[in-house]
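This report describes selected side-chain pairings and one interior position. The sequence and structure are shown first.

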Amino acid sequence: MPKIPTFTTQATITGEVGSVKSNIQMGLNQTISSALAPITKEIVEHKVKQKDFENKTEALKLENDFIRDMQKVYTEAGNLENEEQAQSIVKNKSNMLMQRYSGLASNKNSQTLFNQYALAEVQKGVFRTSTAVQRNTLIALDTEVSKKKSRLMITALDLTDGFDYEVLQKDLENLYVTNYQGKVPNAILEKMVNEIPNEIKFLEADKMISESPREALAMLMDEKDFQGLTYD
């Protein structure tokens with residue numbers, strides 16, 4: 001029968017044992033309550049910090065949901081050409097959405113944070129809406145100015161010896177100044193006004209090309225005719 005090998009341990013018993021260190025030191029005259037006071041304070045502070053973290057997280061989530069819904073409001077208002085109507089939409093619908101999401105907050109602190117975040121967002125949205133409306137208004141204005149300008153020029157050039165033709169340049173100057181002064185830089189407005197004579201000549205040349213191409217080409221190649229216009 002085989003011999004089973006044996007193992008003899010070399011370990012010895014000593015007086016050193018593992019221990020858990022603690023900062024709690026209780027004096028002979030202390031109560032358990034006073035000894036635990038530092039840890040109790042730390043636990044309370046940790047709980048306060050954790051609650052603040054939770055409130056900020058909740059308020060941020062509410063804000064993100066609020067902004068998502070407000071994008072539709074900004075799009076609706078930003079497509080208008082009337083500043084008062086656009087801002088009325090932003091104000092009324094943002095108030096309704098703020099009340100809805102504010103009511104979803106689990107506590108007063110989270111609600112207060114959300115309201116602060118939402119108000120800051122709406123303030124920025126008001127400026128964005130104002131910019132969009134101004135752009136829309138200018139585009140609409142350009143369209144209407146172009147329509148009137150076209151009507152004035154066509155009417156005047158149909159009867160080149162009539163009153164409309166005589167006052168055409170002045171009519172166009174009034175059209176530009178009345179509608180663009182204060183809305184575009186003065187340098188651009190001045191350039192537009194200065195180019196009116198060439199605009200009239202261009203339309204005259206275009207009309208002549210349609211009616212008498214050869215005569216128009218000869219006049220365009222002559223520097224004395226249609227002064228200010230290039231051959232191109």
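In this predicted model, K147 has a relative accessibility of 51% and therefore counts as exposed, the cut-off for that class being over 50%. Its partner is E144, and the two side chains meet in a salt bridge with an N to O distance of 3.6 Å. E144, at 46% relative accessibility, counts as partly exposed. Both residues belong to helix α3, where they are three residues apart and thus separated by about one helical turn.

**Salt bridges between helices**

Side chains of opposite charge can pair when their charged atoms come close. The model contains 11 salt bridges in total. One of them joins E76 to K93, with the closest N and O atoms 2.8 Å apart. E76 lies in helix α1 (residues 32-78) and K93 in helix α2 (residues 83-102), so this pair ties together parts that are 17 residues apart in sequence. Both partners fall in the intermediate class of accessibility: E76 is partly exposed at 37%, and K93 is partly exposed at 31%.

A further salt bridge is formed by the side chains of K149 and E199, with an N to O distance of 2.3 Å. This pair links distant parts of the chain, since K149 is in helix α3 and E199 is in helix α7 (residues 196-211), 50 residues apart. K149 has a relative accessibility of 22% and counts as partly exposed.

The three pairs described above are set out below.

| Salt bridge | N to O distance | Separation in sequence |
|---|---|---|
| E144 and K147 | 3.6 Å | three residues |
| E76 and K93 | 2.8 Å | 17 residues |
| K149 and E199 | 2.3 Å | 50 residues |

**A salt-bridge network**

Which residues are linked in a network of salt bridges? The network comprises K61, D65, R68, D69 and R100.

**An interior position in helix α3**

Helix α3 (residues 108-158) also contains S110. Is S110 buried or exposed? Its relative accessible area is 0%, and because buried means under 20%, S110 is classed as buried. When neighbours within four places in sequence are left aside, S110 is in contact with N55, E58, A59 and A105.

Within helix α3, S110 is thus buried, whereas K147 counts as exposed and E144 as partly exposed.

Notes: Residues numbered from 1 in each chain as written. Predicted model: local features only at pLDDT ≥ 70, side-chain atom pairs only at ≥ 80, totals over all residues. Heavy atoms only, no water. Helix = DSSP H or I, 4+ residues; strand = E, 2+ residues; numbered from the N terminus. Buried < 20%, exposed > 50% of the residue type's maximum accessible area, 1.4 Å probe, protein only. Contact = heavy atoms within 4.5 Å. Salt bridge = Lys/Arg side-chain N within 4 Å of Asp/Glu carboxyl O.
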